[in-house]
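Student: I'd like a close look at one part of this model, the ligand site. Please go on from there to the chains around it.

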Amino acid sequence: MYIIGKSVYRKEAVDKVTGEAIYTNDIQSPGMLHARMLLSPYAHARIISINTEKAWKIPGVRAILAGERFPLTGEEIRDRPPIAVDKVRYFGETVALVVADNPVQAKRASELIEVVYEPLPVVNSPTEAMQANAPLVHENIESYEKVERVNPEPNTNIANRTKIRKGNIQKGWSESDVTVEGTVSFSPSDHAAMETRCSIAEIRQDGYVVITTSSQAPFMVKKLINLYFGIDTGKVIVNTPLVGGGYGGKAAVQLEILAFLASRAVGGKKVKLFNTREEDLVTSPCHIGLDAKIKLGCTRNGYLKAAEILYLFDGGAYSDKAVDVSRAGAVDCTGPYHIENVWCDSLCIYTNHPYASPFRGFSHSELLFAFERTMDMLAQKLGLDPLELRRKNAILPGHTTPTQVRLNTSNLGNLPACIDRLKEIMKWEEGQRSIQPDGLIRAKGICCIWKTSTIDTDSSSGVILTFNPDGSVNLISGVVEIGTGTKTILAQILSERLKMPIELIHVRMKVNTQTTPEHWKTVASRGTYMAGRAVLEAAEDAVEQIKKVAACVLHGAVSDLEVAGGRVFLKDEPSTGIELKDVVYGYTYPNGNTIGGQVIGRGTYTLRRMTYLDPQTGEGRPGPEWTVGAQGVEVEFNKRDFTYKIIRAVSVIDIGKVINEKAAQGQVMGAMAMGLCFGGRESFVFDEQGRVLNAQFRTYRPLRYGENPEYVVSFVETPQIDAPYGARGVGEHGLIGMPAALGNALSIAAEVNLNQLPLIPELIWRAKKGNQHALI
Amino acid sequence: MLSFDFDYHAPSTLKEAVSIYQILERQGKQPLFYGGGTEVLTLGRLNLVYSDALIDIKNIPECRVQMLTDKHLVLGAALTLTALTERNLFPLLSKTARGVADHTARNKITLGGNICGEIFYREAVLPFLLTDSYAVIAGNEIRTVSFDEVFNQFLQLGKGEFLVQLITNRNDLRLPQFHIKRRKQWNIGYPLVTVASIKKAGTVRIAISGLCPFPFRSKKLEEALNNNDISIESRINEAIQHVPSPILHDVEGSDEYRIFVLKNTLQDVLESYQGGES
Amino acid sequence: MKTSSSPFREVSLHVNGEIKPVLIKPSDTLLYILRVKLGLTGSKPGCLNGDCGACTVNVDGMAMKSCLMFAIEAPGKRIITIEGLKGTPIQHAFIKEFAFQCGYCTSGFIMNCYSLVENYPDANDELITEMLESNICRCTGYQEIENAVKSVLSSNKNLEK
Ligand SMILES: Cc1cc2nc3c(=O)[nH]c(=O)nc-3n(C[C@H](O)[C@H](O)[C@H](O)COP(=O)(O)OP(=O)(O)OC[C@H]3O[C@@H](n4cnc5c(N)ncnc54)[C@H](O)[C@@H]3O)c2cc1C
Ligand code: FES
Ligand code: FES
């Protein structure tokens with residue numbers, strides 16, 4: 001390989017260490033106005049009145065938006081007013097928006113808006129939401145516009161239900177000798193990207209809407225502004241500079257709509273809306289919560305026969321992307337095992353919690369915590385080694401997924417190989433639990449992972465390559481650089497294909513939906529695969545053009561030529577050729593005649609043969625491939641005070657092919673860190689009124705330097721045949737098994753089943769006391 | 001970002017500071033002395049603190065001294081927590097201060113600001129509750145008062161007064177001592193319970209933050225802990241009867257759990273003294 | 001006591017080796033002035049509450065969270081922002097060790113690391129942790145940042161020898 005596998009530095013590295021990297025909020029211009037939100041202090045309340053009189057008295061105030069009925073928004077069900085009307089449905093919901101000359105004026109004015117509320121009973125968990133007498137978060141869900149495949153159930157809090165009916169569950173139970181049932185729950189939490197969301201909107205005199213936004217989905221912003229406000233898609237231009245972390249949280253479209261409304265209210269002037277940290281945590285969409293019930297049945301020897309699963313996803317007050325998350329939860333509901341009889345209902349539930357957006361792993365870390373905890377409980381009941389139980393049931397080519405996709409060696413990674421490698425790294429033969437000389441307990445927990453990406457069936461990605469007069473190439477793709485380094489990976493793929501030094505590939509970092517070809521959304525670990533395929537196609541296109549011109553010059557056939565090392569030459573006689581710089585802008589003969597012109601390569605890739613799920617059985621092909629892996633966590637646990645330290649965290653992932661070693665390691669380590677945060681420390685703490693009590697980093701605490709364990713990352717390489725150089729998606733996979741592995745390790749250590757998150761010492765203390773009640 | 005504007009004054013003498021305050025007050029303002037400003041900023045942005053005239057005490061030389069005299073250690077209220085820990089003249093204070101916030105924030109947070117702040121924890125108070133210490137307070141006059149007396153849940157300052165210095169008996173600086181901060185799950189951040197302790201003349205002294213909405217030292221609690229006739233466990237069970245109320249019950253942890261953590265921590269303290277030095 | 005009616009004051013700030021006259025209000029944070037008035041947007045707002053370290057700069061040789069400092073306190077002090085570092089070893093080390101992904105925490109992290117290597121060339125693990133736990137990075141696993149800092153500390157030590 002020419003450059004695949006090498007740890008190439010990020011293309012935007014220098015900008016990022018010099019402070020020159022520009023993010024949305026760094027953009028400022030004279031005359032730009034500033035918007036500020038007023039937030040709901042209640043999780044559920046009727047809005048009786050809003051008085052803006054005092055707020056208007058603040059100098060510099062240009063507009064106040066409150067109580068007005070704007071088009072309802074939401075990606076599958078249009079249930080969300082951009083600014084609350086009639087009632088508020090979650091703590092932190094936007095109740096008003098003030099536009100002023102500067103941010104201080106806007107803040108000051110927002111604080112002077114007087115709102116009278118009448119508190120309503122609160123739905124504080126999905127389980128509560130399902131109770132017969134539960135208050136309704138939305139009274140008339142049937143009246144909302146929606147896409148076809150979603151089915152809100154009238155007079156309930158159910159936004160959607162996805163059913164999996166594979167095999168015959170009764171048969172499964174009758175074949176089972178041993179059964180186990182696990183109940184699992186955790187509250188919503190947050191992505192907590194370091195860059196809080198920011199959007200700037202302007203409506204130009206010529207009718208063009210220009211939005212600059214920290215988003216993972218600028219092309220979606222364009223479509224939704226069209227859908228909600230009827231602006232021609234061609235007249236919506238969305239810019240996305242570098243994004244300071246997304247993790248799914250910036251795949252939802254929210255501030256863009258507010259910034260647009262704010263701009264419209266002030267005659268189209270440029271308005272910036274920048275989230276405070278508090279707003280970014282609760283007002284903007286968060287990480288979904290879950291209540292789950294899993295029942296597993298297996299033979300005496302530990303072969304799984306039946307899985308009956310109920311997932312109640314806490315979509316929060318508005319369904320937006322949560323419906324899709326809950327659907328994805330059904331698709332891979334079992335974890336990576338061969339089970340012939342599967343019954344699963346995965347529900348998206350309305351509650352009075354902040355609403356959910358995708359979170360790195362898109363439902364998988366959540367469902368795997370539920371499923372893999374139950375697997376450990378089953379292993380315990382069987383008296384079987386938990387790793388052995390998993391290896392026995394590991395999904396293999398020839399098996400089918402819960403949605404009945406037949407797997408093969410390309411669309412599925414090698415799980416047994418991952419399990420074996422994990423076993424080695426974790427020194428499994430030394431035992432799962434031991435007491436150290438100092439009395440501390442060492443325990444290891446493991447879990448297996450899988451994930452496909454349930455993305456829209458018509459998702460596509462485009463790439464344009466333009467050449468410079470010096471023979472170098474500009475790579476233009478709609479992938480947003482959110483930190484994953486995907487654009488550098490794309491450059492590597494191109495460098496490999498053209499056998500051209502990476503320094504000669506110039507990557508355009510910014511996305512502009514008018515000049516950048518579309519990449520559906522920068523989510524789902526699909527950047528490398530889809531945009532990578534588009535890069536290869538664009539390279540092919542460019543190479544064809546180069547060869548055509550060169551064929552004339554060199555008096556040969558196109559098929560005789562090859563492009564590599566900055567030249568195009570005869571395959572059988574490499575010394576005969578010309579430099580790219582002499583053809584990529586057309587070739588000029590000594591007499592001035594010129595043939596050809598600037599070479600512009602284009603490529604687009606659309607996922608093939610994706611289908612919707614059958615509404616009754618869930619049968620369908622939701623994603624292109626399944627990345628698998630095995631993960632482990634080793635903890636040191638103090639029996640006296642229930643504190644613990646994570647010593648090591650291990651990921652073995654079948655990545656298909658490593659394109660950039662250090663970048664891949666970094667992605668996986670970072671994902672593991674986030675998974676451990678979700679599993680071990682991060683969660684919104686709600687009071688009985690559904691208010692979030694910890695909406696600051698002072699009390700909502702991501703991992704810090706020195707709190708991290710040692711990370712061990714190891715890759716298995718089973719190429720996915722149709723992917724660029726065989727590479728599989730890997731941006732999320734490091735995360736998805738961590739909560740389960742941590743839960744399994746601590747359950748072993750503390751000798752009690754720990755089925756809630758986050759796994760803080762107080763939770764373990766409560767579990768040991770036999771009191772599983774929530775904190776507050 | 002604050003919603004309110006204020007005038008800024010940076011007096012260079014104690015007298016000037018006091019008189020600026022009085023003048024501002026007469027003008028109908030709401031002046032506030034401040035040190036690091038971290039609390040003014042963080043609570044101010046949530047409108048939990050308000051002032052239209054800040055008086056910065058950092059330029060007053062008396063507020064910045066850090067020196068040992070024959071008998072005493074004198075610490076200026078405007079010293080940053082980092083300045084204290086780097087010189088390390090009072091090890092228990094260094095340890096306690098190092099538990100507050102994080103290193104960069106401690107480059108800004110001042111001793112006086114931590115002691116006089118609104119935040120429940122005010123951990124820098126603990127070492128002064130335990131030792132023979134005095135507060136130097138400037139107002140119409142400059143008074144020096146026993147810390148123990150002037151601190152009752154809050155530092156009892158009159159209107160227009162501010163904390164200038166803390167003075168601690170040199171003999172108390174290097175007694176056997178112990179500091180432990182227990183948090184919910186992390187290495188830095190707010191406490192569930194912070195316990196600071198010294199052993200003086202054979203008697204264990206304990207001051208606690210994080211348990212109640214204020215730092216405290218309780219004589220009764222100490223008496224129970226020093227009852228060497230009974231087992232450590234019984235002493236602790238007796239001691240927790242004397243914890244003042246209310247016990248915090250919040251995002252860091254429940255009241256019940258805090259008591260559990262406190263018990264363990266007290267046990268650690270007592271055992272460490274039994275094992276000799278700390 | 002004279003209290004002017006306009007909240008604005010003209011002051012001079014010493015930033016990255018230059019004297020900059022600037023109009024500020026006492027209630028402005030240093031971060032706000034650096035970003036909005038001086039266009040130095042390398043320092044980032046991550047929480048505006050002293051919790052995350054994204055806004056870290058160097059004031060008189062020490063790491064400082066610029067959201068925790070009033071700009072009015074800054075005259076007479078030497079301020080260095082990320083824009084003031086030019087090709088320092090710690091910047092190179094961050095690139096070499098892949099010590100960032102999205103880059104949003106990076107300016108603040110580098111400024112904190114810069115203070116660390118400048119002030120404590122002999123820092124041990126405990127001190128490194130004590131200093132670096134002031135910042136949050138959401139993307140990396142910190143192992144990469146640890147490698148970057150340690151590579152600079154050890155190469156400085158080798159130079160001294
Ligand atoms: C990231 C972070 C984490 C934190 N974690 C902790 C923690 O774990 N434990 C803890 O105890 N604290 C913690 N704090 C809170 C911190 O203690 C306060 O912000 C700090 O103590 C205030 O100190 P300051 O010098 O900045 O005070 P300032 O903001 O200057 O003042 C605070 C208050 O005290 C008054 N005041 C200040 N100096 C004087 C004086 N000399 N005389 C009279 N009144 C005065 C002011 O009027 C004001 O009301 C944390 C703060 C931050 C930013
Ligand atoms: S923005 Fe200053 S610490 Fe977060
Ligand atoms: S690199 Fe993204 S937060 Fe640190």
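Student: How far does a backbone N or O atom of Glu39(B) lie from an oxygen atom of ligand 1?

Tutor: The distance is 2.9 Å, from a backbone N or O atom of Glu39(B) to an oxygen atom of ligand 1. Keep in mind that this is a predicted model, in which local features need pLDDT of at least 70 and side-chain atom pairs count only at pLDDT 80 or more, while totals for chains, interfaces and linings use all residues. Residues are numbered from 1 along each chain as its sequence is written, chains are lettered from A and ligands numbered from 1 in the order in which they are written, and side-chain values use heavy atoms, with hydrogens and water left out.

Stay with the ligand. Thr38(B) places a polar side-chain atom 2.6 Å from an oxygen atom of ligand 1. Glu123(B) deals with a nitrogen atom instead: an N or O atom in its side chain is 2.6 Å from that ligand nitrogen. Alone, ligand 1 exposes 940 Å², and the protein buries 96% of this. Those accessible areas come from the Shrake-Rupley method with a 1.4 Å probe; for residues, only the protein chains shown count as cover.

Now the shell. Ligand 1 sits between chains A, B and C. Around it are 35 residues, and Phe33(B), Thr38(B), Thr110(B), Asn114(B) and Glu123(B) come nearest. A residue is near when one of its heavy atoms lies within 4 Å. By class, the shell has 17 nonpolar, 11 polar and seven charged residues. Here Ala, Val, Leu, Ile, Met, Phe, Trp, Tyr, Cys and Pro count as nonpolar, Asp, Glu, Lys and Arg as charged, and the others, Gly among them, as polar.

In chain B, strand 2 (31–34), helix 2, helix 6 (111–116) and strand 10 (162–169) each supply at least two residues of that shell. Helix 6 of chain B gives the most, with four residues. Helices (H or I, at least four residues) and strands (E, at least two) are DSSP runs, numbered from the N terminus.

Next, the contact of chain B with chain C. Here 35 residues of chain B meet 30 residues of chain C; contact means heavy atoms within 4.5 Å. Together the two chains bury about 2800 Å², 57% of it on carbon and sulfur atoms. Buried area is the accessible area (1.4 Å probe) that two parts lose on being put together, summed over both. Seven salt bridges cross this interface, a salt bridge being a side-chain nitrogen of Lys or Arg within 4 Å of a carboxyl oxygen of Asp or Glu. In one of them Asp5(B) pairs with Lys25(C), the closest N and O atoms being 3.2 Å apart. There are also 16 residue pairs in polar contact, both residues at pLDDT 80 or more. A polar contact is a pair of N or O atoms within 3.5 Å; within protein, one must be able to donate a hydrogen and the other to accept it, and residues adjacent in sequence count only if both atoms are side-chain atoms.

Chain C also meets chain A. This interface joins 47 residues of chain C to 57 residues of chain A. The area buried is about 4200 Å², with 56% from carbon and sulfur atoms. The salt bridge count is five. Glu682(A) and Arg138(C) form one, their closest N and O atoms 2.6 Å apart. Polar contacts link 26 residue pairs, both at pLDDT 80 or more. On the chain C side, the elements giving two or more residues are helix 1 (30–37), helix 2 (89–96), helix 3 (106–119), helix 4 (125–132) and helix 5 (143–160). That side has 20 nonpolar, 16 polar and 11 charged residues.

Finally, some backbone details. Leu757(A) and Pro758(A) are joined by a cis peptide bond, omega about -10 degrees. Pro758(A) is in the loop between helix 17 (738–750) and helix 18 (761–769) of chain A. Gln153(B) is not a glycine, yet has a positive phi of about 65 degrees.
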